[in-house]
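The following note sets out numbered points for a colleague who is examining this structure. Each point takes up one topic and may be checked against the coordinates.

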There are 2 protein chains.
Amino acid sequence: MSQKKRYLLDEEQIPRYWYNIQADMTTKPMPPLNPATHQPLTPEDLYPIFAKELCRQELNQTDRWIEIPDAVREMYKYYRSTPLVRATGLEKALGTPAHIYFKNESVSPMGSHKLNSAIPQAYYCKEEGVTNITTETGAGQWGASLAYAASLFGLEAAVYQVKISYEQKPYRRSIMQTFGAQVTPSPSMSTRAGKDILTAHPHHQGSLGTAISEAVELAMTTPNCKYTLGSVLSHVSLHQTVIGLEAEKQMEMAGEYPDIVIACFGGGSNFGGLAFPFMRHRYEGTAPKATRFIAAEPASCPKLTRGEFRYDFGDEAGLTPLLPMFTLGHNFTPANIHAGGLRYHGAGVIVSQLLKDKLMEAVDIDQLESFAAGTLFARAEGIIPAPESCHAIAATIKEAQKCKETGEKKVILFNLSGHGLIDMSAYDQYLAGNLVNYTLSDDDIRKSLKD
Amino acid sequence: MSQKKRYLLDEEQIPRYWYNIQADMTTKPMPPLNPATHQPLTPEDLYPIFAKELCRQELNQTDRWIEIPDAVREMYKYYRSTPLVRATGLEKALGTPAHIYFKNESVSPMGSHKLNSAIPQAYYCKEEGVTNITTETGAGQWGASLAYAASLFGLEAAVYQVKISYEQKPYRRSIMQTFGAQVTPSPSMSTRAGKDILTAHPHHQGSLGTAISEAVELAMTTPNCKYTLGSVLSHVSLHQTVIGLEAEKQMEMAGEYPDIVIACFGGGSNFGGLAFPFMRHRYEGTAPKATRFIAAEPASCPKLTRGEFRYDFGDEAGLTPLLPMFTLGHNFTPANIHAGGLRYHGAGVIVSQLLKDKLMEAVDIDQLESFAAGTLFARAEGIIPAPESCHAIAATIKEAQKCKETGEKKVILFNLSGHGLIDMSAYDQYLAGNLVNYTLSDDDIRKSLKD
């Protein structure tokens with residue numbers, strides 16, 4: 001048995017500010033554009049969709065630190081700090097000289113990092129007198145967190161869940177319903193966007209892009225209703241920086257600094273949340289190492305490793321502003337992998353710019369490799385990781401194995417974005433040998449980008 | 001929104017000793033008996049079944065404090081202290097002047113308190129050169145914890161899971177298998193005991209009593225294999241006292257002392273784990289209040305409220321020693337409630353003696369009331385409780401409502417023994433109106449006690 005070591009912060013060390021990397025970036029992200037006029041968006045253009053404060057945060061490229069409202073910080077204190085854990089069990093199982101750490105976001109009451117942004121989004125909506133909020137969800141980690149946050153602030157929540165996940169993960173739906181949310185499988189016949197998609201593709205299994213279209217439409221056509229998003233947008237990554245800001249202090253407690261920072265990648269918020277506070281040291285000139293930052297995406301949805309950088313819509317129906325991002329095309333329908341939270345065609349604008357500027361890297365992971373990594377991690381550390389997080393673990397294992405070959409004692413830090421207790425059917429299928437990899441040809445990608 | 005407040009201990013405050021209430025009890029529990037000779041058991045009599053150190057702990061009525069081995073304490077530090085939380089959301093939802101606190105054991109990597117005893121049991125087995133361990137499990141909280149603890153110490157684990165739970169909760173089975181354990185639905189045809197039960201009752205859906213018979217038989221007929229148990233026995237409650245010992249210090253941090261301590265009740269280990277350290281103050285003459293201790297059992301398995309105090313077997317086939325306990329008869333087959341961990345016919349010997357001596361109370365809770373309480377708690381506190389823990393919540397709500405009537409600001413402390421994320425199918429059925437209560441007539445109980 002290997003000794004376990006974890007690091008927790010005192011309550012007063014829980015961050016009071018989120019870190020806004022946009023203020024520090026040398027090359028700023030290009031502006032989102034109004035799809036009709038192709039003019040750069042102002043916060044006011046976004047007011048019909050999001051709470052006003054979130055619109056301002058979204059486009060804020062000047063303030064390095066954004067104060068966390070007291071009510072939000074109080075809720076953070078309920079489950080934060082999350083532990084930083086030295087993964088000695090995994091190190092031993094791999095026989096690697098690397099020091100592996102993970103930030104355990106799975107201990108949040110909703111089982112993932114998503115609550116970090118659900119709470120402030122619901123809070124700002126409530127503050128502005130909104131009564132109803134709506135959103136999309138894939139695997140349901142975000143939807144469950146938003147449903148809970150809505151119930152905390154007395155808001156009604158309507159969630160569009162990607163149809164394939166709605167069917168694969170009925171228990172996440174039950175969780176959302178237990179918190180009183182309305183859950184609709186998407187694409188549905190309840191919106192114009194959903195009807196159009198279903199008319200064109202009657203057996204469409206849904207994607208985050210389709211569900212976003214429906215939720216945005218609901219928000220735009222319902223009085224006193226705002227839309228909320230679980231990833232991709234810059235204000236979501238901003239809220240998630242509590243992860244990295246805590247990890248920074250906890251790595252100090254451990255007396256180490258990461259050579260490599262790794263997170264799985266759907267839209268970029270858990271990656272940004274962990275990575276941005278460490279990237280800050282580079283901008284400040286205080287980084288003790290030339291840390292590498294690696295986003296781990298599924299091989300079946302490879303926008304970072306095989307997508308194109310360009311303006312694209314954030315949703316399938318083209319209701320959102322145009323965003324400058326690495327994308328597979330907004331009509332791209334990802335394969336039915338169990339990591340539902342990573343089934344999204346595009347990357348957030350900040351991360352896209354960072355990748356373009358070669359300030360970070362990306363790696364793609366096959367579904368089978370992700371579950372092999374997750375199972376190894378579970379046995380070594382006693383936590384069953386979410387299928388999404390398995391991608392970060394697989395990327396970590398790759399790097400730890402390189403260290404084994406070279407003998408280097410690199411310090412690797414990854415984000416355990418959530419647990420997989422609601423995803424046991426996926427592990428079941430994996431253990432029974434019933435999961436497959438999905439491959440995408442260059443032609444598939446070219447075609448999707450042209451559509 | 002109500003403010004959340006939780007209390008955590010520093011690492012050095014994590015207990016170094018378990019508290020052995022047997023040493024303090026004025027009326028000691030009567031001895032377990034050898035079923036053949038009816039002579040009081042010695043630790044040596046139990047050596048064929050359990051690790052030797054556990055046999056000694058089981059019958060130890062003299063040492064008040066048992067040192068926690070370093071290797072076990074190291075593992076505790078991985079997830080302990082668990083938070084003590086002031087349930088302000090629940091207080092507000094109930095409009096009660098009571099102060100409600102819960103000890104959140106659901107944050108353990110396996111999602112329940114069971115790991116607190118699985119780790120030392122696997123540890124002592126490993127220390128004695130055992131290679132294989134076996135056990136029973138109901139809902140699977142214990143089986144999952146034991147499977148993980150076995151993998152930690154490099155032991156093979158074979159788990160007999162109550163058949164109805166095996167079918168109701170397939171994901172707990174997957175969790176055990178993910179950790180490499182062999183899982184068999186019980187009663188099975190793989191043991192003499194299982195065959196006998198199935199021959200007599202071909203459609204037997206299993207109970208903890210049947211699964212214990214099978215696991216004990218496997219241990220007794222397999223070289224280098226020991227049996228382990230998740231509740232009922234005194235050494236299991238002993239290990240669980242880490243819960244109450246921590247809660248003691250955490251209540252001090254909160255500046256309060258409980259008027260009422262509540263836990264759900266299957267065999268008694270999570271109840272004893274929380275209650276015994278507070279009962280200690282009574283023996284020491286330091287208790288600032290005449291605290292009430294309430295065990296919450298299911299109305300469909302009411303051994304404490306409607307059972308008989310007498311010697312009985314711990315298992316269905318009669319392979320265990322005779323234990324002096326409140327029992328419904330060892331052939332009692334409980335109704336198929338979702339709280340699988342509470343489906344056991346008897347109570348541990350310590351708790352049975354305490355109840356007989358009126359040093360604690362018991363209350364029975366219907367299935368529908370338990371889920372109503374669990375759903376209310378989930379919405380108020382953001383944690384979906386295990387169906388077992390819902391019984392403690394329901395009992396807490398009863399007491400908090402009395403305070404509302406009388407205006408008393410009582411301090412209530414209950415144990416949230418685990419989360420219900422693997423039990424969402426039960427919540428699904430509850431929300432859909434498909435769950436029922438089960439009633440037992442006095443005749444049913446008389447008949448079961450006579451069998």
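1. A charge is taken to sit over a ring if NZ of Lys or CZ of Arg is within 6 Å of the ring centre and within 35 degrees of the ring normal. In this predicted model, B:R280 lies over the face of B:Y19, at 5.7 Å from the ring centre. A lysine offers another example in chain B: the charged end of B:K52 is placed over the ring of B:Y47, with 5.6 Å to the ring centre.

2. Aromatic pairs. Over all chains, the count of aromatic pairs is 29. One of them joins A:F102 and A:F377, whose ring centres are 5.2 Å apart and whose planes make an angle of 75 degrees, an edge-to-face arrangement. The planes are classed in this way because an angle over 60 degrees counts as edge-to-face. This pair connects distant parts of the chain, since A:F102 belongs to strand β5 (residues 99-104) of chain A and A:F377 to helix α15 (residues 367-381) of chain A, with the two positions 275 residues apart. A:F102 is buried, at a relative accessible area of 0%, and A:F377 is likewise buried, at 0%. With A:F414, the two residues make up one aromatic cluster.

3. Which residues lie closest to the centre of the largest cavity? They are A:S106, A:V107, A:S108, B:S106 and B:V107, out of 47 lining residues. The structure has eleven cavities of 30 Å³ or more, and the largest encloses about 730 Å³. Two or more lining residues come from each of α3 (70-79) and α8 (170-178) of chain A, and from each of α3 (70-79), α6 (141-152) and α8 of chain B. Sorted by class, this lining comprises 28 nonpolar, 15 polar and four charged residues.

4. The largest pocket. Its space amounts to about 510 Å³. The lining consists of 25 residues, and those closest to the pocket centre are A:L8, A:L9, A:D10, B:L9 and B:D10. At least two lining residues are supplied by β1 (5-7) of chain A, and at least two by β1 (5-7) of chain B. By class, the pocket lining has ten nonpolar, three polar and twelve charged residues.

5. Helix α8 of chain B. This helix (residues 170-178) is largely enclosed by the rest of the structure, because seven of its nine residues are buried. The buried residues are B:Y171, B:R172, B:R173, B:S174, B:I175, B:M176 and B:T178. After α8(B) comes B:G180, which has a positive phi, near 90 degrees. As noted in point 3, α8 of chain B also gives two or more residues to the lining of the largest cavity.

6. Cysteines. How many disulfides does a search of the whole structure find? The result is zero over all chains. For A:C301, the nearest cysteine sulfur is that of A:C264, at 12 Å. A disulfide requires sulfur atoms within 2.5 Å, so this distance excludes one for A:C301. A:C301 is buried, with 0% relative accessible area. In chain B, B:C55 takes part in no disulfide, the nearest cysteine sulfur being that of B:C125 at 9.5 Å. B:C55 is also buried, at 0%.

7. Backbone geometry. The peptide bond between A:R80 and A:S81 is cis, with omega about -5 degrees, and A:S81 is located in the loop between α3 and β4 (84-86) of chain A. In chain B, a cis peptide bond links B:R80 and B:S81, again with omega about -5 degrees; B:S81 lies in the loop between α3 and β4 (84-86) of chain B. Two residues other than glycine may be inspected for a positive phi. A:H38 has phi near 60 degrees and is situated in the loop between β2 (17-19) and α1 (43-46) of chain A. A:K358 also has phi near 60 degrees and is found in the loop between α14 (349-356) and β14 (361-365) of chain A. A:K358 is exposed, with a relative accessible area of 72%.

8. A buried isoleucine. B:I243 is part of helix α11 (residues 234-254) of chain B and is buried, at 0% relative accessibility. From B:Q168, B:I243 is separated by 75 residues in sequence and by 29 Å in space, C-alpha to C-alpha.

How values were computed:
Residues numbered from 1 in each chain as written. Chains lettered and ligands numbered in written order. Predicted model: local features only at pLDDT ≥ 70, side-chain atom pairs only at ≥ 80, totals over all residues. Heavy atoms only, no water. Phe/Tyr/Trp six-rings, centres within 6.5 Å; stacked < 30°, edge-to-face > 60°. Helix = DSSP H or I, 4+ residues; strand = E, 2+ residues; numbered from the N terminus. Buried < 20%, exposed > 50% of the residue type's maximum accessible area, 1.4 Å probe, protein only. 1 Å grid on protein atoms, 1.4 Å probe; cavity = no way out; pocket = protein on both sides within 12 Å on 5 of 7 lines; lining within 4 Å. Points joined across faces, edges and corners; volume = space filled by probe spheres on them. Nonpolar A, V, L, I, M, F, W, Y, C, P; charged D, E, K, R; others polar.
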